[in-house]
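User: Please take a close look at the C-terminal strands of the longer chain, and set them in the context of the rest of the model. A connected account is preferred to a list.

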Amino acid sequence: MGNDFTIELLKCPECGLVLVPEDMAVRKMLEVEKSLEDK
Amino acid sequence: MDHKQLLYLEEKCIQGYSPACTTTCPVHVDVKNFMAKVKAGDFDGALKILRKVLPFPGIIGRICDHPCQDVCKRREVGDAVSIAALEKACVQMSSTAPDKIFIQPKKDKRVAVVGGGLSGLTAAFDLSSKGYNVVLFESKDRLGGSIWDTPEEILPRKVIAEETAVLVDLGVEIRFNSTVGEVVSLPDLGRDFDAVYLGLGKISEHTFGLQLDQEGRLQIDPLTFSTGREGVFAGGGLRTSPGYSPVGSLSDGRRAARSIDRYLQNASLFAARENEGSYRTRLFTSTEGVELLPAVVPDNPIQGYTREEAILEAGRCLQCQCLECVKACKYLAHYKGYPRKYLRDINHNLKMVKGNHTANKMINSCSLCGLCQEVCPNDLNMGEVCKNSREIMVIKGKMPPSPHDFPLRDMQFSNGDGFALARHEPGKNGSSHLFFPGCQLSASAPEYVDKVYAYLREKMTGGVGLMLRCCGAPADWAGRKDLFREGRQEIVRLWSEMGKPVVILACSSCYQVFQNYLPEVEIVLLWEIIDRLGLPVVSAKDSPGKVAVLDACTTRHVKSVHESVRRILERLGYEVEELKYSREKTECCGYGGLMSFANPELAHQVIDRRIKESEADYVAYCAMCRDKFASRGKRTFHLLDLIYGADNMDLADREDPGYSQRHENRARLKGKLLREIWGEKVEEAQGFAAIRLDLADELKAIMENRLILVEDLQKVIDYAEKSGNKLYNQATGRYLAYYRPVSVTYWVEYSPRGENFKIHNAYSHRMQIVGEVKI
């Protein structure tokens, strides 16, 4: 919905792949997604 | 919703309107709250409620002629509540002296009140409280007028004195033994005072040259209480004589005082005076299921109710409300309000520019089934409101994507190469009929699509074509008019190309879409055809079973379908039980309106409550109802299970196939029919679809909850293996990869196992990583 949000994630210094752990995806991110959708 | 529309809808919801007791009472005592206080034993609180509208509660509480009791709803289930007796108990039990007296700032106008009966006393009370200088002329040596006709035991004389003493505190000048017409004339009053109220009590020989009616009574305007002479008003027993209503007189005095107040300020005497005096209530209250209870009889009828007796009697008050829709619909009950309140919340949500749209979830949680309209005394349809609201939200770009994304993609799959098909019957180059089974029956029980299509080809001679598609209902429910229109246009195009055949529908939601949005297409439901042309399989039932019918919500108004289904069941040898909410009053299973995606917990509650309606096995003719009820543990058949399944009772325990299996079932159905009926070769699965996965059952359940499909996992692994973009966990030896096909990023934890891939975990999120921020 066009809103930005900052979180701390691990990133591989070589290939640049980012790690979003399951717990973050199904809890924090979901929470933020839902609240941003209603703005 | 524009303002006019909102008001029109709000008007339909009568919850919160005053019940009959209050509206019939000429001064509108809040009887409901009074009863609640008495029931709670709070007699002081109860008195406060009386005092809000009654200036002399000690008097009127003892002698009221209670027109409220004649309209009390309790009469339908027992005796009317003894409202008058309870008011008497209350004023006897509490000290009736008011805590404070409020007087508005003094005005320089003078009002003469003629007559110290209830109407004059009330007029004097009201006008002096408003700051006017009031002089009360009483011909006798005591105040009260006709109330002195009531015996002492009922109305103690010291109560009259105590109650009327408040007038002195209000600064009213009382002149006893001052008969107007003898001691002082009306013209005199006209000169010394700015307004006059005549509360003479009876028809007196003094008519003061005022206009009279046919019965010789003073002509009094029923709305303003004016007499026709400038500044002279009248009411009370004078108006009703020889009849006498204590509360009526009280009301007249109040209304005339209001007129005088406006007159003295040069304001309109007529504007905004609806609902003064007795009026008819708009509130509807059902007494269905209420236990019949007779009135509590006081031990001592002269004394009246004791404290305990009063509490019991007040407990019989029904606390009249409407809430018919809230009683019927779990969704409307869930948000702890009622439609008029919801309409305001929704309207506010739609009009908001900046801020939190807190009603989004509520708007998206309605199943759009229309049960509310069926039970509402004024036919208010909250489903229509919610659907229109969703359409507005989509247009404004304010519709949250997550509740509808998955079902819309499911619809897209059904209309894509994986499932979509439109063919004439082989050997025929035209179709008199076209079988449109719908996407959910095909997903849930594809074998029946095959069997039914064979049955139709056998029974009908003009050629029966087949169209596999989604009718577009999910787009309609999501408020996506654009997607919905596209889908319909494609259906009409294909249907026209095929010669505009009669479409045979096996799904009630498809039926609703065609009926409402494709009026040019002639349609018929499969159940009506089977009812007419005969059952496909003649199965002997050894013992009659009993089933309760789950009518589909999208054909709630199509009586012919309700009848056909029941006839089929009877012919199959079943005894049909009618659930409480059936036929036009049926409930949605939670799939309608996409409720189960927007609010899964609520959808579960809806089904769980419906399951309790009967112990019997259920039978549905909607594939989604069937699967959803089965998923909550209720034995539920699809009508085709009973038609084709002979005595296989296990079919009722079939599990919901799950989202991934639904896709696979549709794809396989298309492949099978193309091969077996049209003799066409179907391509083997290619690309990511050829990737073989090893999934434990627990993981399947997790994926189901998270709306993750097998094909999503295949896409991630396909990408990860081809690009090499995957994370490796040295401790577990497992890979973790992610990929975003469209709007969702899927994460899969997996290990290669020979030709296959074993899946350990899967999760997803919608947010994208857009950049890095240096801390």
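Analyst: A residue is called buried here if 20 or more other C-beta atoms lie within 10 Å of its own, and exposed if there are 12 or fewer. By that count, 45% of the 775 residues of chain B are buried. The model is a predicted one, and every value below is computed from it.

The part in question is made of strands S17, S18 and S19 of chain B. Strand S17(B) covers residues 734-739 and strand S18(B) residues 745-753; the two run antiparallel and are joined by five bridges. One pairing in this set links Ala737(B) to Val748(B), the latter in S18(B). The connection from S17(B) to S18(B) is a hairpin of five residues.

S18(B) also pairs with S19(B), residues 756-765, again in the antiparallel sense, and here the number of bridges is nine. Within this pairing, Tyr750(B) faces Ile759(B) of S19(B). The hairpin between S18(B) and S19(B) has two residues in it, and Gly754(B) in the turn takes a positive phi of about 65°. S18(B) thus has bridges to S17(B) and to S19(B).

S19(B) also takes part in the contact with the other chain. That contact involves 18 residues from chain B and 14 residues from chain A. On the chain B side, S19(B) supplies four residues, the largest share. The chain B residues that touch chain A comprise eight nonpolar, nine polar and one charged.

Chain A, the partner, has 39 residues, of which 8% count as buried. Its secondary structure is one helix and two strands, in the order β-β-α along the sequence. Along the principal axes, its C-alpha atoms occupy a box of roughly 35 × 20 × 10 Å. The mean pLDDT of chain A is 87, and 92% of its residues score at least 70. Among its elements, strand S1(A), residues 10-11, has the lowest confidence with a mean of 90, while helix H1(A), residues 22-37, has the highest at 93.

As for the chain that carries the three strands, chain B contains 35 helices and 19 strands. Its C-alpha trace spans about 115 × 75 × 50 Å along the principal axes. The radius of gyration of chain B is 37 Å, whereas a compact globule of 775 residues would have one near 28 Å. Of the contacts in chain B between residues at least 6 apart in sequence, 70% join residues at least 24 apart.

Upstream of the strands there is a backbone feature at Leu707(B), which has a positive phi of about 60° without being a glycine. Leu707(B) sits in the loop between helix H34(B), residues 697-705, and helix H35(B), residues 710-723. Leu707(B) counts as partly exposed because it has 18 C-beta neighbours inside 10 Å. Asn266(B) is another non-glycine residue with a positive phi of about 60°, placed in the loop between H13(B) and helix H14(B), residues 307-314. Asn266(B) has 6 C-beta neighbours inside 10 Å and so counts as exposed. In the loop between helix H12(B), residues 237-240, and helix H13(B), residues 246-264, lies Pro242(B). The peptide bond from Ser241(B) to Pro242(B) is cis, with omega near 10°.

For burial in the helical part of chain B, helix H9(B), residues 157-164, serves as an example. Its buried residues are Val159(B), Ile160(B), Glu163(B) and Thr164(B). Viewed down the helix axis, these buried residues fall within an arc of 115°, so they line one face of H9(B). An α-helix has 3.6 residues a turn, so residues three or four places apart point the same way. Arg157(B), Lys158(B) and Ala161(B) are exposed on the other side of H9(B). The cover over the buried residues of H9(B) includes helices H5(B), H8(B) and H10(B).

A buried loop position is found at His28(B), between helix H2(B), residues 20-24, and helix H3(B), residues 31-39. His28(B) counts as buried because 20 C-beta neighbours lie inside 10 Å. Apart from neighbours within four places in sequence, His28(B) contacts Ser18(B), Thr22(B), Thr23(B) and Val53(B).

Definitions and conventions. Residues are numbered from 1 along each chain as its sequence is written. Chains are lettered from A and ligands numbered from 1 in the order in which they are written. This is a predicted model: local features need pLDDT of at least 70, side-chain atom pairs count only at pLDDT 80 or more; totals for chains, interfaces and linings use all residues. Two strands pair if DSSP finds at least two bridges between them. Two residues are in contact if their C-beta atoms, placed from the backbone, lie within 7 Å. The arc is that of the directions from the helix axis to the C-beta atoms. The radius of gyration is taken over C-alpha atoms; the globule rule is 2.2 Å times the number of residues to the power 0.38. pLDDT is the predictor's confidence in each residue, from 0 to 100. Ala, Val, Leu, Ile, Met, Phe, Trp, Tyr, Cys and Pro count as nonpolar, Asp, Glu, Lys and Arg as charged, and the others, Gly among them, as polar.
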